[in-house]
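This report describes one protein chain together with its ligand. Please have the sequence and the coordinates at hand while reading.

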Amino acid sequence: MHISKLRMPLFILATLLFGIKTYFVYRFMFDLSIENAMQEFILFVNPIASAYLIFAISVWLKPKKQMKYLRWTSLIGSLILFLNLIFYRNFTDFITIPVLFQGNNAADLTGSFLTLLHLEDVLIFLDVALIWYLSKQKFNLDVSLPKRGKIAATAVTFLLLAGNVVLAEMERPMLFVRAFDREYLVKNIGIYNYHIYDATMQTKTKAQRVLADGSEISEIESYLKEHSPDGQQKSSDLYGVAEDKNVIFVSVESFQNFLFDAEINGTEATPFLNDLKERKDTIWFKNFYHQTAQGKTSDSEFIVENSLYPLGRGSVYFTHAQNEYNSLPEVLNEDGYETSVFHANNKSFWNRDVMYDNIGYDQFYDEQSYQVTPENSFGWGLEDKAFFEQSIKYLQSQKQPFYSKFITLTHHFPFEMPQDKANIDQYDSGSKTLNHYFQTARYTDEALEQFFQQLKDAGLYEDSIIVLMGDHYGISEFHNKAMSQFLGKEVDGYEHVQLQRVPFMVHIPGYENGEIREEVVGQIDVKPTLLHLLGIDNKNDLTFGDNMFDENRKDFIAMRDGSFVSEDYVFTNGTCYDRESGEQRVEEKAEACQPIKERVDQELNYSDNIIYGDLFRFYNFKQ
Ligand code: GP9
Ligand code: MN
């Protein structure tokens, strides 16, 4: 029998191979949660629909061109899948267009990139190799359809797509409107259609600034004034406790609260901080949550400086660095503070140079201000100990009072360090990342201890307050299994949210009423809290956070994905838990969490509108 009698057009074969391959990658290489048979079915169908969408276009091409088209689209499609997988292993998230344009970051990520590669990733390209091979043979796997055939082949595309969208909407009503969670999108419409959706969103948000006018800001202003406690500035006896003092703000990289009091083989991971948090000259908020999203460290900086929420996609430092803000450094500058940032990394990482300039920092001591040698660096660059040591001379040159932000770097993913510099054993679990995590944490803890001493030696300690804050999580959901082993309990939605607690300590030399505070607070509250401690009146500010010491403060902390923590509840992924016990509130869940959930969505939406529309250009903060 002649081979051409058996032939299946290559575009059909490619659709099947590529579609089924993608399904297997979703299912076994990503860590997508599949809750029911319907979701499983959609997960299987959508890659085939997407593959058909791409490959069926080839019927419109001349037969010779068809093969070329199939070769290249299958390669590009697989690359997109592969790059998303690498990104996912680090961030448990999918690439968005704003993140793509953070090119400088990608270059700096090389170290992490290699550790994110797995051997089985080769499998992603198997079908490409086969399509490539077949397309070069003389099997005549192209098709030459009459016009009606071409139209029919294309019509099938629309049928498949429509079917997919209907199923997805049934599974997740309002999927496309809300879209806080990229995982839902990818599970339901596939990664390729998700990217098309993302591109559409990007265009839309670009248009938003052009279309915005001043009217919306008054609605937001009324909302914020209504929900902010009255007279928040003077509402506690800590008002002005740090007046005219220097502020040394340390953003501690990737530090999660589970490190506190943890031991590996009988050795404390963070002895200095363990002690500091309980001292009488320190106020420690033990239920302080990070609220960052894709912008990681830069998001934490953005939240602290502006008391706005970060965006759901990309880093505001990148996407909206030119907006009008009323940032913490600007407010402090006006009050006579000299403001600076110390961070021994490339100055354009997270677009910091541009953003810092816009929001008013007087100086930025970046990598070039430091002596970085092979002996004093590992991981992402200059070691924290050398970083602090070399910073002191610059700090001494600041005009007092100063506000200086330090951003540490050593305790950063993948947390690997030379073993001769490690003073604690590795943990023993299936996750190399978690195993290493304790060693770099210990290193940073030692660096902080030395820094306190250096500040004393330099005569800066007494006149300063030192604020320590964790920027974001270090151990992603990808390591849940190892985390469960470490915690001795399963990491469900509730535990996952609770793991987002990071340090927040205000250390006031000479203060004697230090305490451990239980309030649910977050990064959004830092700006009003610092201004309160410094005794700076800022009553016309528009902030989504409140002074942490105010009794009338609003009682929930919203996460960027719409999860929240309130005094009574923890809400995530549609489930309402009792905060105390961690138990799911099945029957009353709608009633219990719903009112807060509505406010969370409202606030995230308002904050987004401020950023997208650049609405602060219409508001007078000095009225
Ligand atoms: C880079 C450092 C780390 O300068 O702040 O950034 P991250 O990856 O944590 O966002
Ligand atoms: Mn960070």
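The text below proceeds from the overall fold to the annotated site, the ligand and the local backbone.

The model is predicted: local features need pLDDT of at least 70 and side-chain atom pairs count only at pLDDT 80 or more, whereas totals for chains, interfaces and linings use all residues. Residues are numbered from 1 along each chain as its sequence is written, chains are lettered from A and ligands numbered from 1 in the order in which they are written, and side-chain values use heavy atoms, with hydrogens and water left out.

## Overall fold

The secondary structure of the chain comprises 23 helices and 18 strands; these are DSSP runs numbered from the N terminus, helices being H or I of at least four residues and strands E of at least two. A compact globule of 623 residues would have a radius of gyration near 25 Å, and the 27 Å of the chain agrees with this. That radius is taken over C-alpha atoms, and the globule rule is 2.2 Å times the number of residues to the power 0.38. Along the principal axes, the C-alpha atoms fill a box of roughly 95 × 60 × 45 Å.

Of the 623 residues, 60% count as buried, a term that means under 20% relative accessible area, with exposed meaning over 50% and partly exposed lying in between (1.4 Å probe, protein chains only). The chain exposes about 26,100 Å², of which carbon and sulfur atoms supply 54%; accessible areas come from the Shrake-Rupley method with a 1.4 Å probe, and for residues only the protein chains shown count as cover. Among contacts (heavy atoms within 4.5 Å) between residues at least 6 apart in sequence, 77% join residues at least 24 apart.

## Annotated site

The UniProt annotation "binding site", from an unreviewed entry, covers E253, T297, D471 and H472. These residues are spread over 220 residues of sequence, yet they cluster in space, with a largest C-alpha distance of 7.7 Å. UniProt also lists T297 for "active site", again from an unreviewed entry. Such positions are given in the numbering used here, feature names are shortened, and annotations may be inferred rather than shown by experiment.

E253 is found in the loop between β1 (246-252) and β2 (263-264), and it counts as buried because its relative accessibility is 2%. Leaving aside neighbours within four places in sequence, E253 is in contact with T297, T408, L409, H411, H412, D471 and H472. T297 has its place in helix α14 (residues 296-306) and is likewise buried, at 6% relative accessibility. With neighbours within four places in sequence again left aside, the contacts of T297 include W350, R352 and I407.

S254 also lies in the loop between β1 and β2 and is buried at 2% relative accessibility. S254 and D471 are 217 residues apart in sequence and 6.1 Å apart in space, C-alpha to C-alpha. Not counting residues up to four places away in sequence, S254 touches several residues, among them F415, Y437, Y473 and G474.

## Ligand and polar contacts

Ligand 1 is surrounded by E253, K296, T297, H343, N345, F349, W350, R352, W380, L409, H412 and H472; a residue is counted here if one of its heavy atoms lies within 4 Å. A polar contact is a pair of N or O atoms within 3.5 Å; within protein, one must be able to donate a hydrogen and the other to accept it, and residues adjacent in sequence count only if both atoms are side-chain atoms. The table lists such pairs.

| Side chain | Partner | Distance |
|---|---|---|
| E253 | oxygen atom of ligand 1 | 3.0 Å |
| H343 | oxygen atom of ligand 1 | 2.6 Å |
| W350 | oxygen atom of ligand 1 | 2.9 Å |
| E253 | side chain of S254 | 2.7 Å |
| T297 | side chain of D471 | 3.1 Å |
| T297 | side chain of E253 | 3.4 Å |

On its own, ligand 1 has 300 Å² of accessible area, and the protein covers 97% of this.

## Local backbone

Most residues other than glycine have a negative phi, and most peptide bonds are trans. The peptide bond from Q400 to P401 is cis, with omega near -5 degrees, and P401 is in the loop between α18 (384-396) and β10 (402-407). A cis peptide bond also joins F413 and P414, with omega about 0 degrees; P414 is in the loop between β10 and α19 (432-457).

Phi of D261 is positive, near 60 degrees. D261 belongs to the loop between β1 and β2 and is partly exposed, with a relative accessible area of 47%. Phi of N351 is also positive, near 60 degrees; N351 is found in the loop between β6 (338-342) and α17 (352-359) and counts as buried at 14% relative accessibility.
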